[in-house]
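I opened this structure to look up a few elements and residues one after another, and I kept a short entry for each. The sequence and the coordinates come before the entries.

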Amino acid sequence: MLASILSQLSDDKAEEIVEIDLRGKSAIGDYMIICSGRSTRQVAAIAEKLVDRVKQEFGRIARVEGKDTGDWVLIDTGDVIVHIFRPEVRAFYQLEKMWLPAGTPAN
């Protein structure tokens, strides 16, 4: 599923895609992906396509939060958590700093 999600994000021109391995660190999922879209419209479109792909390929209904505003969309597939941000919102929350080991570059 991880490879399929990363492929979809790349196809949809998501920017600054960061993959974080959560195995052994958290029970919320196996992987977290953080990426950016250039606008609220692109963030919402990336999220919508990703949710459709997960449903079509894996038969899973992903839980989605924030798609209506398009600033920060959270998609929970069960195994993979995906955060799609507008660049300004991503810079404000700096989510990578919470999950990446100290000294690890975010990109």
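The entries below go from confidence to the cores, then to one helix, a ring cluster and single residues.

**Confidence.** I noted at the outset that this is a predicted model. I looked up the chain average and found a pLDDT of 92, with 93% of the residues scoring at least 70. When I went through the elements, I found the lowest mean pLDDT, 87, in helix H4 (residues 95–99), and the highest, 98, in S5.

**Nonpolar cores.** I began from the expectation that in soluble globular proteins nonpolar side chains tend to be buried together. The largest nonpolar core that I found here has 18 residues, and those with the most contacts inside it are Ile5, Leu9, Ile75, Val82 and Ile84. I then asked where its residues come from: H1, strand S2 (31–36), H2, S4 and S5 each supply at least two of them, and the largest share, five residues, is that of H2. Apart from this core I found another one, of nine residues, with Leu22, Met32, Phe85 and Leu95 among them.

I also listed the partners of Val82, leaving out residues up to four places away in sequence, and obtained Ile5, Leu9, Ile33, Leu50, Val73, Leu74 and Ile75.

**Helix H2.** I took this helix next, since it gives the largest share of the 18-residue core. Helix H2 covers residues 40–58, 19 residues in total, and from its first C-alpha to its last it reaches 27 Å, close to the 27 Å expected at 1.5 Å a residue. I recorded Gln42, Val43, Ala44, Ile46, Ala47, Leu50 and Val54 as its buried residues, and I saw that these pack against H1, S4 and strand S5 (80–85). Just after the helix, I noted that Gly59 takes a positive phi of about 70°.

**Ser4.** Is Ser4 buried or exposed? I found Ser4 in helix H1 (residues 2–11), and it counts as buried because its relative accessibility is 11%, where the cut-off is under 20%. Its side chain makes a polar contact of 3.0 Å with the side chain of Arg53. Setting aside neighbours within four places in sequence, I listed Arg53, Glu57 and Phe58 as the residues in contact with Ser4.

**Aromatic rings.** How many aromatic pairs does a search of the whole structure find? I obtained three. In one of them, Trp72 and Tyr93, the ring centres are 4.8 Å apart and the planes stand at 50°, so I entered the pair as tilted. Trp72 lies in strand S4 and Tyr93 in helix H3 (residues 87–93), so this pair ties together parts that are 21 residues apart in sequence. I checked accessibility for both residues: Trp72 is partly exposed at 27%, and Tyr93 is partly exposed at 43%. I noted as well that ring pairs link Trp72, Phe85, Phe92 and Tyr93 into a cluster.

**Asp76.** Which polar contact joins the side chain of Asp76 to another side chain? I found the partner to be Arg63, at 2.7 Å, and I also found the side chain of Asp76 reaching the backbone nitrogen of Gly78 at 2.8 Å. Asp76 is placed in strand S4 and is buried, with a relative accessible area of 17%. Not counting residues up to four places away in sequence, Asp76 touches Ala62, Arg63 and Ile81.

**Ile34.** I looked up Ile34 in strand S2 and found it buried, with a relative accessible area of 0%. Beyond four places in sequence, I listed its contacts as Glu16, Ile17, Val18, Ile20, His83, Phe85, Arg90, Leu95 and Glu96. I also checked its separation from Val64, which lies 30 residues apart from Ile34 in sequence and 15 Å apart in space, C-alpha to C-alpha.

**Thr69.** My last entry concerns a loop residue: Thr69 lies between strand S3 (63–65) and strand S4 (72–76). I entered Thr69 as exposed because its relative accessible area is 55%, and the cut-off for that class is over 50%. Between the C-alpha atoms of Thr69 and Arg41, which are 28 residues apart along the chain, I noted a separation of 9.1 Å.

Terms used:
Residues are numbered from 1 along each chain as its sequence is written. This is a predicted model: local features need pLDDT of at least 70, side-chain atom pairs count only at pLDDT 80 or more; totals for chains, interfaces and linings use all residues. Side-chain values use heavy atoms; hydrogens and water are left out. Helices (H or I, at least four residues) and strands (E, at least two) are DSSP runs, numbered from the N terminus. Buried means under 20% relative accessible area, exposed over 50%, partly exposed in between (1.4 Å probe, protein chains only). A polar contact is a pair of N or O atoms within 3.5 Å; within protein, one must be able to donate a hydrogen and the other to accept it, and residues adjacent in sequence count only if both atoms are side-chain atoms. Contact means heavy atoms within 4.5 Å. Rings of Phe, Tyr and Trp (its six-membered ring) pair if their centres lie within 6.5 Å; planes under 30 degrees apart count as stacked, over 60 as edge-to-face and the rest as tilted. The expected span of a helix is 1.5 Å times one less than its number of residues. A nonpolar core is a set of buried Ala, Val, Leu, Ile, Met, Phe, Trp, Tyr and Cys residues joined through side-chain atoms within 4.5 Å. pLDDT is the predictor's confidence in each residue, from 0 to 100.
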